[in-house]
Amino acid sequence: MSESSHFVDSDGESVGRVPLAEMSDADDIEILREDLMRILVDALPDAVTIRFDDSIQLLNGNGGEVRVRFGSGRTGRSDRGLGADGQHSAVRRLVFGPDEGFLRHLGVYFALAEYPSEAQSDCANAIYNVPGRMAGIFRYAGKTVAVLQFHSEPVDHDHRDRDAQKKILTDAFAGYRSWRIPELLDAARADPRLYFTSASQIDPSSWHRGRVVLVGDAGYCPSFLSGRGTSLALTGAQFLAEEIGWCGNRPTAEHTSAFERYEARLRPHVSVAHKSVHRGRDHLVPATWAAIAARNERVQGTEHARAELPLQQRDS
């Protein structure tokens, strides 16, 4: 992401500039999801097998091993099973039960689509709001994406059906043609890899059952509004690997202890992330024109206050 973002009016004029540190943790590194996936895959040793376009359909983790059957018909077995398959985790549903018991919808949906690069003098991210909706242009190291968010109650749909997602998105912005909303919607409808998800949190009472343990969004998704989902997933993977490594090839009870220690170490970080989402929602997607105006005034006040500081203090 570029070093700053600004909120704009319907003419594209800045109404308030927001330093990146005010939209996420000060030491964050912003990276596109597909770029991070590529980095992680490239770092894996050759002995690791990666299979695409397949998913677990049946799973039994009771006993001395984990047995699975995939949608392709393949079967497999392992000492333990890790559910790291995201907010809509199939592993979680198979082992812990239906999503309704763990999922909390936060009232916002999010879409991200590829968008042609364009020149802009300061390369800042542009964010435009109408009540309950946000349209933005974000830049990540030479790539430009369209970002769209909107308030909504849960919408029943197949999360793998992109045509249905594009219709939901189009309907949510129907009648809004200010700023660049129409062309951003066109970009979303044209992108065959559109990313669309709800702002939801996953919060089961435990992240493990038998020999199966959940990692990342599958176990403790804080939602994109927290800005901490990827950090929690990577930290959780590290903690879990450390705990499993320390127990080595000991009996099953030791693996259970490893899962418990992993959860005890990470829970405090997850709790902080889960509590931080409302600030992000109210900042990026204000519900009314009055809330948009109040947000802009706060941003402008912060900008003016920073401008009055000595130069060496502005980034502290």
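This is a short walk through the structure above, from the overall fold to a small sheet, a surface patch and a set of salt bridges.

Let us begin with the whole chain, keeping in mind that the model is predicted. The protein chain holds nine helices and 13 strands. It has 316 residues, and buried residues make up 42% of them. If you take the contacts between residues at least 6 apart in sequence, 66% join residues at least 24 apart. The accessible surface comes to about 17000 Å², and carbon and sulfur atoms account for 52% of that area.

Now turn to a sheet that is easy to follow by eye. It is an open sheet of three strands in the order 3-4-5, and the pairing is antiparallel. Strand 3 (56-60) and strand 5 (75-78) stand at the edges with a single partner strand each, so one side of each has no neighbour in the sheet. From one strand to the next, the twist averages 20°.

You can trace this sheet pair by pair. Strand 3 meets strand 4 (residues 66-70) in the antiparallel sense, over four bridges. Along this seam, Asn60 stands opposite Arg67 of strand 4, and Leu58 has Arg69 as its bridge partner. The hairpin that links strand 3 and strand 4 has five residues between the strands, and within this hairpin Gly63 takes a positive phi near 125°.

Continue along the chain to the next pair. Strand 4 and strand 5 run antiparallel and are joined by four bridges. Arg69 turns up again here, standing opposite Thr75 in strand 5. The hairpin of strand 4 and strand 5 has four residues between the strands, and Gly73 takes a positive phi near 100° there.

Which residues of strand 4 lie on its covered face, and which on its uncovered one? Val66, Val68 and Phe70 make up the covered face, while Arg67 and Arg69 belong to the uncovered one. The two arginines named in the bridge pairs, Arg67 and Arg69, are thus on the uncovered face of strand 4.

Before strand 3 there is another feature worth a look. Val41, Leu44, Val48, Ile50 and Phe52 form a nonpolar patch on the surface, and together they have about 440 Å² of accessible area. One of them, Phe52, sits in the loop between helix 1 (33-43) and strand 3. Phe52 counts as exposed because its relative accessible area is 64%, above the 50% cut-off.

Finally, let us look at charged pairs. Side chains of opposite charge can pair when their charged atoms come close. A search of the whole structure finds 20 salt bridges, and three of these make a good tour.

Start with Lys167 and Asp171, whose closest N and O atoms are 2.8 Å apart. Both lie in helix 3 (residues 162-172), four residues apart, which is about one turn of the helix. Lys167 is exposed, with a relative accessible area of 52%, and Asp171 is partly exposed at 44%.

Arg93 and Asp99 offer another example, with their side chains meeting in a salt bridge at 3.7 Å, N to O. Is each partner buried or exposed? Arg93 is partly exposed, with a relative accessible area of 34%, whereas Asp99 is buried at 15%, a value under the 20% cut-off.

The last pair is Glu243 and Arg261, with the closest N and O atoms 2.7 Å apart. Glu243 is in helix 6 (residues 229-247) and Arg261 in helix 7 (residues 252-275), so this salt bridge ties together parts that are 18 residues apart in sequence. Glu243 is buried, with a relative accessible area of 3%, while Arg261 counts as partly exposed at 32% relative accessibility. Elsewhere, salt bridges that share partners join Glu34, Asp35, Arg38, Glu114, Lys143 and Arg193 into one network.

Definitions and conventions
Residues are numbered from 1 along each chain as its sequence is written. This is a predicted model: local features need pLDDT of at least 70, side-chain atom pairs count only at pLDDT 80 or more; totals for chains, interfaces and linings use all residues. Side-chain values use heavy atoms; hydrogens and water are left out. A salt bridge is a side-chain nitrogen of Lys or Arg within 4 Å of a carboxyl oxygen of Asp or Glu. Buried means under 20% relative accessible area, exposed over 50%, partly exposed in between (1.4 Å probe, protein chains only). Two strands pair if DSSP finds at least two bridges between them. Axes are lines fitted to C-alpha atoms, for helices over the stretch in contact, and angles run from 0 to 180 degrees between N-to-C directions. Contact means heavy atoms within 4.5 Å. Accessible areas come from the Shrake-Rupley method with a 1.4 Å probe; for residues, only the protein chains shown count as cover. Patches are made of residues with over 30% relative accessible area and no salt bridge: like charges are joined within 9 Å, nonpolar side chains (Val, Leu, Ile, Met, Phe, Trp, Tyr) within 5 Å.
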